[in-house]
Amino acid sequence: MQAAIWLIILPLLTAFFIGISKVFYSYKLLFPLVTGSAILYLYLLISVIDHSYPPKVYSVGDWGLLGINIMVDPFSGLLLLMIALLFLPVIVFSLKYITFHTHNYFILTYIMTAGIAGMVLTADLFNLYVFLEVSSLSSCALVALKKTNKAIEGTFKYLVMSTLGSFFILLATILTYDLTGTLNMAEISVAFQDIPFQIKSILMAFFIFGYAIKIGLIPLHAWLPDSYEESPIPYNVLSSGLVMKSAVYALIRVLYILFGFDFLDETGMLQIGVVWGVVTFLIAHLLAFQQSNVIRLLAYSSIAQIAYITIGLFVGTERGLIGGNFHILNHAIMKGTLFFVIAIFHYSLTAVDIKDLKGLGFRFPLLSFTFVVASLAIVGLPPFNGFISKWLIVEAALDAGFIYAAFSILVGTFLSLTYYLKVIVTLYTKTDKTIEMKEPGLALKLPTIFLGSLCIVFGIAPSLPLSLIDKIPTFLLDHEEYISILLGG
Amino acid sequence: MELPFVVVTILFCLGIYTIITQKNLIKIVLGFTIVESSLILIFVLVSYQPGGTAPILDKAYHLVVDPIPQALALTSIVIGGSVTAVMLALVIKIQKRYRTLNVDKLRKLKG
Amino acid sequence: MVKKLYKLGLVVSLGMFLFVLFSDIHNLDRTSKNYLSEHYISEGVQETGAINLVTSVLYDYRAFDTLGEATVLLTAATILAFLVPVTKADMLGTTFTIIVYQATKYLIPFIAVLGVYVIMFGHLSPGGGFVGGVVMALIPILLSLTYGIDFSEYKLTPNTKKVVEDIGAIGFILLGLLAVLTGNNFLANGQAGFPLGNAGELISAGLIPYLNVMIGIKVGAGLAIIFNSLMKEQ
């Protein structure tokens, strides 16, 4: 399992080498370094995902349980699959799109990816915090890249909120160490069985509050649209696709492995999670409807989609977990496509307001079609991928007795259809204004169409990703198996 | 052993209170450093043992304090310092752009 | 007013929560659960060769955390480097009396020696890469404070510092990869057969002194970048 550690080291090494090459070679080495490492990274990712079942443990420094372990299981395999699908397209897209602070952009992107890979792989609570901080600080940096007033302000907001979240996570982590005397997730989970109910529930509240800020559930969401608005758009693909998802991943890991499913059931956290999700997506849909800026609209839509994922993951049945995890993957693909299309519009004619998009459907027929496909998928219409995962979530909610959640998801679908239709109708409204524009090259179009076509492929053949996702619930609902593998080395 | 916990609790809450009520950006950053130091104090408290010596074993010892929280505290000090530095840079940037440090006056972003 | 009371109420309830939590934890009777720290204390010196147990945790048992933390510092330095404009600050030319200049001149070698000592003896005495790096960073900081940014950046250009920082970070990873070459796991030290030596000597503890040097270089350069960037913003 040597490849697993390379998933973290390789992006870091690349980032550091870009830093050196910036000084000595300026732009000459950038292209081969960035693309070469991205392709190598893709190969490593695929080889790790391929071996994610049965789960494997890799001990950093050969210390076994004394040190830090990293672990690959199907759940982390899913997140790695998302990195594999998004990372190379984003890099190819950015090489053409980013024209300012290019080196810094790539350095920070690679560090962010390393942080996300670390969060996904690690099986150590404090290590999780460290990598969380790596990914969120570099993500803040990317938001500030344009250095406009809005960008600086959005970054400050983002940094304040995410640091506030980190404090609570760190506090809970310290106290967990104090209680159990270890930081290995499996050992903590075993030791937690003797800890009184009250202490455990307060600790859980701290963890949930911390991660809820990073995820952006509704009362804690204010930083998210602001940080999206002025950041480089390819970063938004990674942000909504990976940064938020890695926080969801960490939350689920902590809740299901550390505390265990039975404890969640006992405290009523599952009900709270579902209600929180329902409230979040209803409000987010209503807020998204009011936006005039497409990026902000997509940001609110991201919040809503994350809420669907939350519902799926908190329903607490096997089917709910499958649906939620499938939606994690689908949302990354669909939102990636939408952001890519908007990025191309922004590149060609600096259009980010909905009214600027008028008539673009006839100028960019293929891209606009991709946009339509992705937005219909995100609304949840058949035969696209979003429909299937949403249907799984609704079914799971009905099975588990959350009738109101299932009903609200249908209402939410209708709400999201209205605002996406608004954009689509504007796209295909005829206008006789002639606009100057830059022709987007193949480097911009290819990643977009690749992701857009995945929406259709996963919609028609959902069994491709589901063969991986089907194995996830075994290791979450029953944490004994995860623990025994991690303890067994 | 009770008093340190009271102090830590007060520091933590004071920091959070500063962050959520103050209007001055510098004071907000100060609030973050207060919370940060309270967390480091918790690290120290966790590792503390009455009568223990520092975990440097160059002479005979009979009780040593727990070395792990100290190492973790070092890590979180560095992380906290980096975050504070970035925040201060952003504050300077905001001050240069808007000529104010008041949070209420920066309303470029709404919603 | 209502808003303020509401916030106050929030914070007070948080405080109550925390206090209840702390007293609960305190009242919990704990019986020998800390096998991890006991193992570190009883076996740490033999297993890692470092007398300073904090160093052995930081650079051996949990060296992976240190890599992440070094990355955070590097990220912060990168952000600050691109956030500041190219223009130089007004406070370049604060003039001091000759005493300050001469004192600075004589202080710098001592600071350098102290920094190197703290870094090199990190596994034997209090200190280590982070502390030593901070001490080393004092040199460019002192130069910027007394002689002004221009002089400090003429002596140590930002590019040099950036390269030094990157080299430190790369060096850390490459040292970790040495173990992979010998067929062990990343960042393995004693298990990969690096000679641990006699505990208490300068050249002992396998890779730990070298990792310390790398972190020292990295932290020193990173902090210098951060300080100069914060100062340069005009």
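Student: How far apart are the end C-alpha atoms of helix α13 of chain A, and what span should its residues give?
Tutor: This is a predicted model, so take the helix as the predictor built it. Helix α13 of chain A covers residues 294-314, which is 21 residues. At 1.5 Å a residue they should span 30 Å. The end C-alpha atoms agree with that, at 30 Å.

Student: Is α13(A) mostly covered or mostly exposed, and how many of its residues are buried?
Tutor: Count a residue as buried if 20 or more other C-beta atoms lie within 10 Å of its own. By that test α13(A) is mostly covered. The buried count is 21 of its 21 residues.

Student: Which residue just after α13(A) takes a positive phi?
Tutor: Look just past the end of the helix. A phi of about 90° turns up there. The residue is A:Gly316.

Student: What order do the elements of chain B follow from the N terminus on?
Tutor: Chain B has zero strands. Its helices number three. From the N terminus on, the order is therefore α-α-α.

Student: Why is chain B called more spread out than a compact globule, and what is its radius of gyration?
Tutor: For 111 residues the globule rule gives 13 Å. The radius for chain B is well over that, so the chain is more spread out than a compact globule. Along its principal axes the C-alpha trace spans about 60 × 30 × 20 Å. The radius of gyration is 19 Å.

Student: What percentage of the residues in chain B is buried?
Tutor: The base is the 111 residues in chain B. Buried residues make up 45%.

Student: Which element gives the most to the side of chain B that touches chain A?
Tutor: Here 25 residues of chain B are in contact with 27 residues of chain A. Two elements of chain B give two or more residues to that side: α2 (25-47) and α3 (67-98). The top contribution is 13 residues. It comes from α3(B).

Student: By class, how many residues on that side of chain B are nonpolar?
Tutor: Set aside the four polar residues and the three charged ones. The nonpolar count is 18.

Student: Which element of chain C has the lowest mean pLDDT?
Tutor: Chain C as a whole has a mean pLDDT of 84, and 93% of its residues reach 70 or more. Among its elements, helix α5 (residues 98-120) has the highest mean, 91. The lowest mean is 81. That belongs to helix α7 (residues 149-155) of chain C.

Student: What ipTM does the model score?
Tutor: The pTM is 0.94. The ipTM is 0.94.

How values were computed
Residues numbered from 1 in each chain as written. Chains lettered and ligands numbered in written order. Predicted model: local features only at pLDDT ≥ 70, side-chain atom pairs only at ≥ 80, totals over all residues. Contact = placed C-beta atoms within 7 Å. Helix = DSSP H or I, 4+ residues; strand = E, 2+ residues; numbered from the N terminus. Nonpolar A, V, L, I, M, F, W, Y, C, P; charged D, E, K, R; others polar. pLDDT = per-residue confidence, 0-100. Expected span 1.5 Å × (residues − 1). Buried ≥ 20, exposed ≤ 12 C-beta atoms within 10 Å, placed from the backbone. Rg over C-alpha atoms; globule rule 2.2 N^0.38 Å.
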